[in-house]
Every structure is written in C-alpha cells, then in structure tokens.
Amino acid sequence: MTAPPRNLVNLKDVDKGYGSRSVLRGITLGVSAGDRIGVVGRNGDGKSTLLRLVAGLEDADAGALTRATGLGLALLGQGDDLDETRTVRDELVGGRADHEWAADARFRTVLDGMLGGVAIRRFPNGLDTPIAGLSGGERRRIALARALIDSPELLLLDEPTNHLDVEGVDWLARHLAARRGSLLVVTHDRWFLDAVCTYTWEVADGEVHQYEGGYAAYVLARAERDRQASAREERRQQLMRKELAWLRRGPPARTSKPKFRIEAANALIADEPEARDRAELLRFASSRLGDRVLDAEDVSLRYGDRTLLSHLTWRLGPGDRVALVGVNGAGKTSLIKLLEGEIAPTAGEVQRGATVKLAHLSQDTAEVPGHLRVLESLEAVKARARLAGGQDVAASSLADRFGFRGEKAWTLVRDLSGGERRRLQLMRLLMEEPNVLLLDEPTNDLDIDTLTALEDLLDGWPGTLVVVSHDRYFVERVCDDVYGLMGDGGIRHLPGGVDQYLALRAATGEESSPPARVEGRPVPAQAVVRAARKEVQRLERALEKLEAREAALHEEMAAAATDHVRLRELQSELEAAGTERDRLEAAWLETSEALEA
C-alpha cells in the first residue's frame with residue numbers, strides 16, 4: 001500500500017480579524033506534500049492573510065495551526081525585502097564561490113528562466129548590479145528567483161506573475177508544475193492556475209471553499225454551487241455561465257483543457273450564446289468611428305542611443321480588438337503612449353480619426369482625491385454614461401457591477417486597497433464614454449470576479465480595443481488578434497496568438513526566453529525547428545493509432561450491447577481516449593502553427 005503524502009500544514013477552526021472586521025472564520029484545511037494550490041477570491045477577502053498565517057508571520061485569533069517538524073517554507077509577498085545597500089550577487093549567491101553556485105543545476109535553471117542566464121544579462125553590471133535603482137519589476141524577479149533557488153519544501157507566493165512579461169509567466173508556470181515540493185499561490189491569472197495548480201481554494205465571505213483541479217474545474221464547481229442556491233446573485237450566476245461557455249468553446253490549443261464533467265458543463269451552457277456578436281459590434285463601431293481610427297505610419301522611436309521602434313507601420317480600424325505582446329522593455333507601453341499622443345515619435349507620424357474619443361488605462365493608478373467616496377468620485381466624471389452599444393448605466397450601477405455594493409460604494413478613496421483603486425480608475429475611464437480603449441496591464445491587482453465583470457462589459461463594447469497584458473487568459477478572452485514586438489523595432493501579426501509568440505521567441509534563442517538545452521549546451525534555432533518537425537510527425541502517428549483504437553472500441557461496444565458492465569468499461573476507455581485525442585490535437589496544432597510562422 002502506498003503511504004499517504006506527508007501532511008505539512010493543518011488549520012483547524014481558525015479565526016482571524018483586524019479590529020472589528022472578521023476576515024477568516026472557522027477555517028479548517030490542510031496542505032500535503034505535492035499539493036499545488038491556487039488561492040482565489042475578491043480583493044480584501046483574506047487571501048494574503050491566509051498565506052501569512054500559514055507562513056507563521058501572523059497568529060490566529062482562535063483555533064489551531066500546526067506545521068510539520070522541520071518544514072522548510074518561504075513566502076514571497078506582494079512586496080519584497082531586498083536590501084538596497086546590497087548587490088544582486090549578495091541577494092542571490094551570498095558568500096558562495098562562483099564555481100560552486102555556477103555548477104549547481106538548480107541555480108542555472110532559475111537564472112536562465114528569470115534573469116537571462118548565469119551572466120544576469122538583464123542587468124547592466126550582471127551580478128554586481130546594486131539593488132538600489134532597480135525597477136519594481138526587476139526587484140520582483142530577483143526576489144522570486146531567490147525563493148525558487150532556495151527550493152523550500154513549501155513555497156508560498158502572493159501574485160507572483162505581477163511585473164512578469166508573458167514569457168516570464170510561461171517559464172514560471174512550467175518550472176512550478178515540474179518542481180518537487182508543495183505550492184500555495186495567490187493569483188488572479190487564470191491561465192496560470194490551470195497550468196500549475198492541482199487544487200483551488202476560494203476565499204469568500206470569511207470561508208475557504210476547496211475544489212479539485214485548476215481554474216476550469218473551479219468555474220464549474222462554483223457555477224453548480226450557485227445553481228443549487230438558485231436564489232443567490234442571479235447576475236453572478238449569468239457571468240459564471242458565460243465564463244464556463246467560453247472555457248468549453250475556447251481556443252483548441254489552450255495549454256490545459258477544462259478538467260470537469262462534460263455532461264454537467266454542457267447542461268449549464270446549453271442555451272448560452274457566444275460571448276460576442278462580432279459582426280454587430282463591427283457594424284456599430286464603424287458607425288461611431290468611420291474608416292480611420294489610429295494609424296502609425298513609418299514610426300521610429302529612440303531614447304538616447306537605444307532604438308525601440310524602427311519604421312513601424314500599424315493601422316487600427318473600427319472594432320479591432322488586439323493584444324500587444326513582447327518582453328519587458330520591448331516598447332509596448334511606449335507604443336501605447338504614441339497612439340495616445342502622450343509622446344511624439346522620433347520619426348514618422350500617428351494619425352487619429354476625427355471621431356476618436358480615446359481613453360488610456362496606464363499602469364500607474366491615477367490620483368483621486370482621498371476625501372471623496374467611491375460613488376462621488378465616479379459621479380464627478382459623470383452621473384450616467386452610455387456603454388456597450390447604447391446601454392445607459394448610472395454610476396451606482398457600474399459601481400455595483402465592479403464589486404462596490406452597498407456600503408462599499410461609500411468607502412473613502414483614501415481607505416481603498418491597491419486593487420480597489422485600480423477598479424475605481426477603470427470605472428472612471430469607462431464613465432468618460434470612450435470609443436477607443438488602450439489598456440496597459442489592466443489585470444494587475446484585479447481579482448477574478450472583477451476580471452469576469454470587465455470581460456462581460458467588454459463583450460458588448462463596440463469600439464477599438466488595444467490591450468497590453470501578460471495575462472494570457474484575458475488576452476484570449478477579450479481580443480481577436482495578437483501582435484508582437486519581436487525586438488527588431490517592428491511589429492508582427494501572430495495568428496497563432498501567444499503560443500506562436502512564445503514558440504518564435506524560443507526558436508530565436510533570445511535571452512528572455514532561454515533556448516532549449518542539451519546536456520547544458522544551447523540548441524541552435526535550426527535544431528529547434530527540426531525537433532518541432534519530428535514532434536509533429538510523432539503526434540500524427542499517435543493520433544492515427546488513437547483513431548484506430550477508438551474505432552475498435554465502437555465495434556466492441558456494438559458487440560457488447562447487452563452486457564451493461566462491459567459497456568460501462570468500454571465507455572470509460574472511450575472517454576479516456578477522447579481526452580487524450582484532445583491533448584494530442586492541441587499539441588499538434590500548437591507545434592504546427594509555430595513551424596508555419
């Protein structure tokens with residue numbers, strides 16, 4: 001008999017509050033060896049508090065919390081504890097000799113994935129770069145790399161994908177999924193949840209609901225839970241059904257297929273329409289915007305001796321919904337600012353249509369007077385706005401839609417959390433009734449409920465949309481096309497989406513996405529292509545064998561029509577074969593698109 005996995009942390013009847021506010025009530029749960037648990041929930045509901053309790057940084061007000069003897073754990077919070085008087089070497093290597101840490105495969109793997117290799121090419125002076133003066137994103141990478149290098153038995157991460165580009169998120173997901181040890185991660189990144197986590201915990205109303213599987217399984221379980229309590233929050237149930245419908249009908253090359261019962265999922269979404277009526281949105285957008293929206297013509301942009309954009313031409317039409325991807329520093333935010341007119345190109349010009357009314361959600365939270373309350377700060381922009389194809393909405397209705405319900409709508413701005421300020425910034429932007437939206441990392445600090453509400457609103461929004469985001473789920477959900485800044489100063493259309501972008505970056509062997517390695521040596525790009533061709537051929541052979549097996553199973557089922565026990569066994573085999581076929585087809589499509597690029 002296999003021994004049960006080692007129990008690492010147990011919470012029993014745990015309460016935690018601050019002042020008169022109760023955050024967690026009667027929490028009973030545990031973490032076992034090998035668990036990879038994603039923690040989701042609304043901003044302010046206690047996700048970070050739960051992590052700090054597990055880490056031992058805070059004490060419970062009541063109940064019992066026990067940890068296994070000798071348990072090694074590390075917590076990476078939303079900030080970092082890096083010492084500005086030290087260097088990158090001090091923080092990552094300490095007093096180890098270079099030959100010692102450079103020979104450690106664990107060190108090399110993390111440095112390749114997070115910091116551009118053992119030479120730390122992301123920073124001007126490599127390992128000897130001072131911490132002082134580094135950006136928040138650079139500090140975040142160093143703190144995360146340090147936690148991964150230490151390789152504790154239990155790793156606690158609070159929003160680890162913040163400040164990472166799409167390649168960094170992809171690498172981190174693959175690394176954590178393959179890592180030995182246990183993981184408890186607070187994140188709003190739904191693609192990341194599906195790629196990494198084997199369990200999902202939802203913190204809501206002082207309780208923690210536990211689900212098996214990643215985000216897709218959680219969506220179904222939560223939708224079923226709400227359906228059973230049919231009188232609760234009809235609006236929320238509708239949003240969850242729409243989310244579930246998109247998951248079931250989404251792109252065939254998603255990294256992980258939804259892992260839930262197909263019958264229950266289909267029953268929930270039987271009458272759910274497609275998320276967006278693209279033809280109607282395009283018609284309405286054309287009537288509002290005309291033929292010209294934003295045209296960047298032969299644009300170049302330089303900072304000192306560094307060229308970000310070189311003779312770039314990009315035209316955005318009415319109703320275009322595009323995502324812009326690229327490594328940190330490739331020029332995504334600069335291109336957004338050029339389109340808005342905040343900065344001028346070094347050469348070339350940006351032309352805007354006469355009817356364009358543009359709004360830009362930047363990465364910086366705009367300052368709103370702290371003495372105002374949430375609803376007052378919205379009504380200061382406009383009391384009512386016309387959104388989504390002519391829909392008229394009051395400021396109070398929009399606040400309710402984005403989680404500021406009841407007394408929350410009368411919270412003073414100065415008392416809001418970072419995520420709540422981000423929500424307020426977004427709502428104020430929408431109240432201005434723009435017909436062109438430029439969203440720069442819109443998912444930062446937003447919880448999943450808010451993201452779902454935003455996606456629902458954008459489903460009916462008839463304008464031109466440009467999104468810069470490392471959140472692959474959000475990109476797939478709201479955008480129809482992906483464009484990449486590939487580091488050569490130009491822009492490239494990527495019909496295969498983020499998967500095609502990652503494959504292209506890996507094939508070029510760029511430092512931010514380390515090339516494949518054989519026995520420690522980089523593999524040339526030509527070898528990557530050859531390997532991809534062989535993989536396509538292998539997948540095609542596997543699919544042929546699987547199709548033959550499915551045909552044989554159908555024949556066996558016909559022959560066993562009266563043997564109900566045997567029929568159930570054959571049906572189970574057939575379902576397993578179908579799941580495997582989905583996986584193989586997704587892998588074939590992803591690899592084929594990368595080869596065609």
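**View 1. The largest nonpolar core of the predicted model, centred on the residues with the most contacts inside it.** This core is made up of 73 residues, and those with the most contacts inside it are W314, L437 and L458. Helix α15, which spans residues 418-431, supplies six residues, the largest share of this core. Apart from it lies another core, which has 45 residues and includes L127, A145, A147 and Y473.

**View 2. The surroundings of L437.** When the neighbours within four places in sequence are set aside, L437 is in contact with A359, L429, L430, L458, W461, T464, L465 and V466. One of these partners, L458, is itself listed with L437 and W314 as having the most contacts inside the largest nonpolar core.

**View 3. An open sheet of three strands.** The strands follow the order β2-β1-β4, and their pairing is antiparallel. Strands β2 (21-32) and β4 (62-67) stand at the edges with a single partner strand each, so that one side of each has no neighbour in the sheet. On average, and with direction ignored, neighbouring strands of this sheet are turned by 15° against each other.

**View 4. The pairing of β1 with β2, and the helix that packs on the sheet.** Strand β1, residues 7-18, runs antiparallel to β2 and is joined to it by eight bridges; within this pair, V9 stands opposite V31 in β2. Helix α1, formed by residues 47-55, packs on the sheet and touches β1, β2 and β4, while its direction makes about 125° with that of β1.

Notes: Residues numbered from 1 in each chain as written. Predicted model: local features only at pLDDT ≥ 70, side-chain atom pairs only at ≥ 80, totals over all residues. Heavy atoms only, no water. Core = buried A, V, L, I, M, F, W, Y, C linked by side-chain atoms within 4.5 Å. Buried < 20%, exposed > 50% of the residue type's maximum accessible area, 1.4 Å probe, protein only. Helix = DSSP H or I, 4+ residues; strand = E, 2+ residues; numbered from the N terminus. Contact = heavy atoms within 4.5 Å. Pairing = 2+ DSSP bridges. Axes fitted to C-alpha atoms, helices over the stretch in contact; angles between N-to-C directions.
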